[in-house]
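Work through the exercises below with the model open. Each one gives a task and then a solution in steps.

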Amino acid sequence: MTTVASGFVSFSPALYLAKSRRSCRNIRTRSACLPVVSSSLTQVEVDTATTSLYSSIISSKPISEALHNISLADLDPGTAKLAIGILGPALSAFGFLFILRIVMSWYPKLPVDKFPYVLAYAPTEPILVQTRKVIPPLAGVDVTPVVWFGLVSFLSEILVGPQGLLVLVSQQQIS
């Protein structure tokens with residue numbers, strides 16, 4: 001089955017047929033058609049195997065029910081605590097390395113292949129090389145370490161910060 005994307009909404013032949021079978025004549029009964037309309041907002045490509053996401057879209061369930069199978073809500077608190085234990089230090093370490101790279105960018109003649117500098121250069125340079133292809137230096141200043149420090153800080157706050165997603169999931173009571 002093929003899916004053709006148009007703007008922000010993707011249209012699928014199966015969804016079109018499912019929508020056309022329903023009657024949405026006036027504004028008051030249109031809410032019955034909203035699950036089909038809201039589920040068509042995500043582009044889904046499926047081969048011959050039927051997945052739970054695809055079958056819930058075809059059966060006119062809201063996309064939120066379909067995404068529930070792959071959301072953080074299914075993550076148990078023990079796994080969330082393990083993820084916090086791994087992601088927290090990793091994101092902090094990368095944040096610190098990107099701060100070092102920002103300072104190192106002030107001194108372009110540093111021998112980055114020598115001992116103290118290679119500790120910050122080696123793990124971050126592959127990421128920064130790919131980012132420089134998208135964001136070129138501005139007025140001769142490499143801003144990619146600043147961009148990555150911002151992204152890492154954002155991810156750290158969203159996932160493992162005091163009100164982060166993984167922290168909230170790890171604090172859930174098993175009922």
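The exercises concern a predicted model, and they deal with one helix, its salt bridges and a surface patch.

**Exercise 1. Span of helix 6**

Task: Work out what span helix 6 (residues 115-134) should have, and compare it with the distance between its end C-alpha atoms.

Solution:
- The expected span is 1.5 Å times one less than the number of residues.
- Helix 6 has 20 residues, so its span should be 28 Å.
- The end C-alpha atoms of helix 6 are 29 Å apart, which agrees with the expected value.

**Exercise 2. Bend and burial in helix 6**

Task: Find where helix 6 bends, then list its buried residues and name elements that cover them.

Solution:
- The bend is at E125 and amounts to about 50°. A proline, P126, follows within four residues.
- The buried residues in helix 6 are A120, T124, E125, L128 and T131.
- An α-helix has 3.6 residues a turn, so residues three or four places apart point the same way.
- The cover over the buried residues of helix 6 includes helix 5 (77-104) and helix 7 (144-160).

**Exercise 3. The salt-bridge network**

Task: Trace the salt bridges that involve E125 and R132, and state which residues they join into one network.

Solution:
- The salt-bridge count comes to 3, with a cut-off of 4 Å between nitrogen and oxygen.
- Start at E125, whose side chain meets that of R101 in a salt bridge at 2.9 Å, N to O. R101 lies in helix 5 and E125 in helix 6, so this pair ties together parts 24 residues apart in sequence.
- Check burial against the limit of under 20%. E125 has 12% relative accessibility and therefore counts as buried; R101, at 8%, also counts as buried.
- Move on to R132: its closest N and O atoms to E125 are 2.8 Å apart, again a salt bridge. R132 has a relative accessible area of 24%, so it is partly exposed.
- R132 also meets D142 in a salt bridge at 3.0 Å, N to O. This pair links distant parts of the chain, 10 residues apart, with R132 in helix 6 and D142 in the loop between helix 6 and helix 7.
- Through shared partners, the salt bridges join R101, E125, R132 and D142 into one network.

**Exercise 4. A nonpolar patch**

Task: Decide whether W106 counts as buried or exposed, and identify the surface patch it helps to make.

Solution:
- W106 is placed in the loop between helix 5 and helix 6.
- The limit for exposed is over 50%; W106 has 56% relative accessibility, so it counts as exposed.
- Together with I99, V103 and Y107, W106 makes a nonpolar surface patch of about 420 Å².

Notes
Residues are numbered from 1 along each chain as its sequence is written. This is a predicted model: local features need pLDDT of at least 70, side-chain atom pairs count only at pLDDT 80 or more; totals for chains, interfaces and linings use all residues. Side-chain values use heavy atoms; hydrogens and water are left out. Helices (H or I, at least four residues) and strands (E, at least two) are DSSP runs, numbered from the N terminus. The bend at a residue is the angle between axes fitted to the seven residues ending there and the seven starting there. Buried means under 20% relative accessible area, exposed over 50%, partly exposed in between (1.4 Å probe, protein chains only). Contact means heavy atoms within 4.5 Å. Patches are made of residues with over 30% relative accessible area and no salt bridge: like charges are joined within 9 Å, nonpolar side chains (Val, Leu, Ile, Met, Phe, Trp, Tyr) within 5 Å. Accessible areas come from the Shrake-Rupley method with a 1.4 Å probe; for residues, only the protein chains shown count as cover.
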